[in-house]
Every structure is written in structure tokens, then in C-alpha cells.
Amino acid sequence: MASPGGEKPYRLYRGGRTKGRVPTVGRPERASSRSRPERDGRSRYRGPGPKPSARRPRQIRWGREITIALVLIVLFFVVWGAVGYLVFRGGVAEANKRLPKTARSALTADKGSLFSNSSAILLLGTDHSLAASRAGDRHSDSITLLRTDPDHQRLYYLSIPRDLRVEIPGYGAAKINTAFQVGGPRLAARTVATYTDIPVNHLVVVNFAEFRDLIDAIGGIEIVVPRPILSKFDCPYGSEARCARWRGWRFAAGKQHMNGRRALIYSRVRKNLLNPAESDITRGERNQQVLQALMSKLASFNTFMRLPLIGGDLMKPLATDLSANDFAALGWAKFRASRTLHCRLGGTSTGGDITPSEDNAKVILMVLGKSAPQPPAPSGDTYPPGCLIGNRPPS
């Protein structure tokens, strides 16, 4: 139908008016029977209704995936550490029961947590001869006083010769290892505290008969042997003829990985056939080496990962008043220590005894941090006392 004025209907486009028929409202346009192909080979949709969305490959949200993985790893370590701590705490509780209750009366209470306060820990290694004839002896063949100093990030190891002649409370003058033999760990702690004037806060008694099992449980330790060793004691063979042909225990100089048996033998060497100057003093130094290597291994990540499996076995050779938290604090002190001092008391050999040196008092001041550490000085003492800084004890 024509519009008034005679003009034809028109459609309005963006470019202006165009004559022609007006499309009926609501009438859909005829869909093209063919779709125009795109350059990539796909067809453009021309039909009515909304355009369907193309299916795209799923995108991996790496940020979320990494976050989830990190949370799971942290959760694993937390659970694993908690289980390990519980197992370890159970082993410590058994070690606490093995220490006589009377021994605690000789100890001085700490001023606070071992994490932030200095503490003195007496380490006693009981007789560890492999010979059956000495299986029942009660000797403290290894006597070491470990002092922590968290404020200055230091550890002090004080080796005390077992033959050092001192006053034993209630018994008079005798070798210092006699205190353990006649009065057990209580009298040993009192004797060391009286002679050194250093209050003993904690006590650890190591049964060397099971000591090697502990070292084996943590996979062995690393020891740097300063000099070659050849020593003949405690023959491992049952025949006298075979023992007569046996040349002895051998240790080459240099870094070595030792299992429990080798470490135990190394710590017991008193006489070195390759160096006649070695004695019970040098044995104490080897004990310090083994002790420090053991502490380092106990505080390692590898031991932490195995804690739920071996946590209970770690305490079997020990009798102590230390709690599980105290052991954790010791591990932290070992980790943070920027300086480690190895000290020893000494004196003059008089037959089977060692008469204390006057310089022992100076060494005790070094251990207390009241004077600068000094190495053993040339003197008339058979075994001059002193301190060295580093991983090797004085020799």
C-alpha cells in the first residue's frame, strides 16, 4: 500500500533511506542453506537463536594447583613431625624411668627454658668394654660436661680425664671415675660440680653396650680421624692363637663413615701403637668427636624424617632427666651454635692417677665464658689443659 503523498514505503539503514518493501514484523529471515566458511575452515552460524559457544580446552589454573600441593606438603610434614614427636616422647619417658630418683637430688634447677638459658649437662659413658670379665663393672669411662650458651650461640665441651684425682664428697681423694662406681650418677654429678664449681643442671648416662645400636639406628656418623690408629685391645676372636696373630683395630687418617661398632671401638682407643704419646686423655678427645657427630646426626633432617620409625629406639642407651622438649632445645642449640669450644682438664701423671694441673681453673673460666679460650700451653704437665675452637678437640 502506498503512503500518503505517493511515496513508497522505505527501510532505514545506517547509510540512509532505501526504497523497497517493509519487512513484516516478527517474520524470521530465511536461514541460509549454506554457511560461509571461515579462513580456519569453520562455518559461521547464521540460524535463528543465540549463537552457541565454541567448546574450548580446559585451562589449568596453575596458581591454585601449586597452592593445594604446598598445603598438602606442609600438612604432611606437620602430621609426620607430630607422630615422630609422640614416639620420641615415649622413648624419653622410658629413659627418665631408668635414671635413679636419687640422682635428681644432686642437680641444680635451670633458670628457665634451655632455648634461652644456659645449662650444664653431665654426660657419663658407663663402662663399655667388650670383654666379659668387665661386664659387671660400674665405671664412668667417659666424663664430659656440655655447657650451652644461647646468648652467645656457643657450645662448650669439657672433657674430664677419668683418672683425674679429686675430692669425692664423703669418700676423700680418689680418681674421679670412682664416684660413679661407689655412688652412682648422683655422686658423680656432685663430684663434678664440686671440683669444677659449675652447677650440673642435667644428667645423661650412656650405656655403651647399646650405644652402637643407637648409631646404627640413625645410619652411622661421620668422623674425621686426625692420625692413623692401630690399637690392640678386646680381641674379637675366641681363640688365643687367633688373637695372637691378630694385628688389632685399624683406622686410617681422614674422614670416615662409621657404623655403631666402629664408632664404639674408635671412642675406646687408649693406646695407639703408631703413636705412643696417646693415652686416656686422647681417648676423651675421641669421645668428644663421637658425641658431637652423634648430636649433629640426631639434629639432621634425615633423622627427623625417620623419627616416627626410630624415635623410640633413640633413647634406649640413655638414662636421663631431660624431657623431650629439652632434647629439642639441645638440637636447636646445636643448630644455632656459631662457635664450638672443645676443652679438657689435665695434669701430671703419677702412676695410675693424674694430679690436677693448676691451669685447670683457667680452663673452667673459659668454659664459663669468663675468659678467652686458649690452647694447651707448654708446661710441666703430662697432659696440659686448654681449649680449642672448632670441630677438633685439643690434642
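Contact here means that heavy atoms lie within 4.5 Å of each other. The structure is a predicted model, and the exercises below work through its helix packing and its aromatic rings.

**Exercise 1. Determine how helices H5 and H6 are oriented to each other, and which residues of H5 meet H6.**

Solution. Begin with the axes: those of H5 (residues 260-268) and H6 (residues 280-298) come within 7 Å and cross at roughly 150°. Next, apply the cut-off, by which angles over 145 degrees count as roughly antiparallel; H5 and H6 are therefore roughly antiparallel to each other. Then list the contact, in which H5 contributes Ala263, Tyr266, Ser267 and Arg268, while H6 contributes Arg283, Arg286, Asn287, Gln289 and Val290. Sorted by class, this contact of H5 with H6 has 3 nonpolar, 3 polar and 3 charged residues. Finally, look at one pair of side chains from these helices: the charged end of Arg286 sits over the ring of Tyr266, 5.8 Å from its centre.

**Exercise 2. Decide whether H5 is mostly covered or mostly open, and identify what covers its buried residues.**

Solution. Count first: 7 of the 9 residues of H5 are buried, and the helix is mostly covered. The buried residues are Gly260, Ala263, Leu264, Ile265, Tyr266, Ser267 and Arg268. Then turn to the surroundings, where the covering elements include helices H3 (211-217) and H6 together with strands S9 (221-225), S10 (229-231), S11 (249-251) and S12 (254-258). For the setting as a whole, the protein has 10 helices and 17 strands, and buried residues make up 41% of its 395 residues.

**Exercise 3. Classify the ring pair formed by Trp246 and Trp249, and place it among the aromatic features of the structure.**

Solution. Start from the search of the whole structure, which finds 8 aromatic pairs. For Trp246 and Trp249, the ring centres are 5.2 Å apart and the planes stand at 80°, so the pair is edge-to-face; the reasoning rests on the cut-off that planes over 60 degrees apart count as edge-to-face. Both tryptophans, Trp246 and Trp249, are buried. Elsewhere, ring pairs link Phe76, Phe77, Trp80, Phe301 and Phe304 into a cluster. A ring can also be faced by a charge, as with Arg242, whose charged end sits over the ring of Tyr237 at 4.1 Å from its centre.

**Exercise 4. State what share of the contacts with a separation of 6 or more comes from residues 24 or more positions apart.**

Solution. Restrict the count to contacts in the protein with a separation of 6 or more; within that set, residues 24 or more positions apart account for 67%.

Technical notes
Residues are numbered from 1 along each chain as its sequence is written. This is a predicted model: local features need pLDDT of at least 70, side-chain atom pairs count only at pLDDT 80 or more; totals for chains, interfaces and linings use all residues. Side-chain values use heavy atoms; hydrogens and water are left out. Rings of Phe, Tyr and Trp (its six-membered ring) pair if their centres lie within 6.5 Å; planes under 30 degrees apart count as stacked, over 60 as edge-to-face and the rest as tilted. Buried means under 20% relative accessible area, exposed over 50%, partly exposed in between (1.4 Å probe, protein chains only). A charge sits over a ring if NZ of Lys or CZ of Arg is within 6 Å of the ring centre and within 35 degrees of the ring normal. Axes are lines fitted to C-alpha atoms, for helices over the stretch in contact, and angles run from 0 to 180 degrees between N-to-C directions. Helices (H or I, at least four residues) and strands (E, at least two) are DSSP runs, numbered from the N terminus. Angles under 35 degrees count as roughly parallel, over 145 as roughly antiparallel, 65 to 115 as roughly perpendicular and the rest as oblique. Ala, Val, Leu, Ile, Met, Phe, Trp, Tyr, Cys and Pro count as nonpolar, Asp, Glu, Lys and Arg as charged, and the others, Gly among them, as polar.
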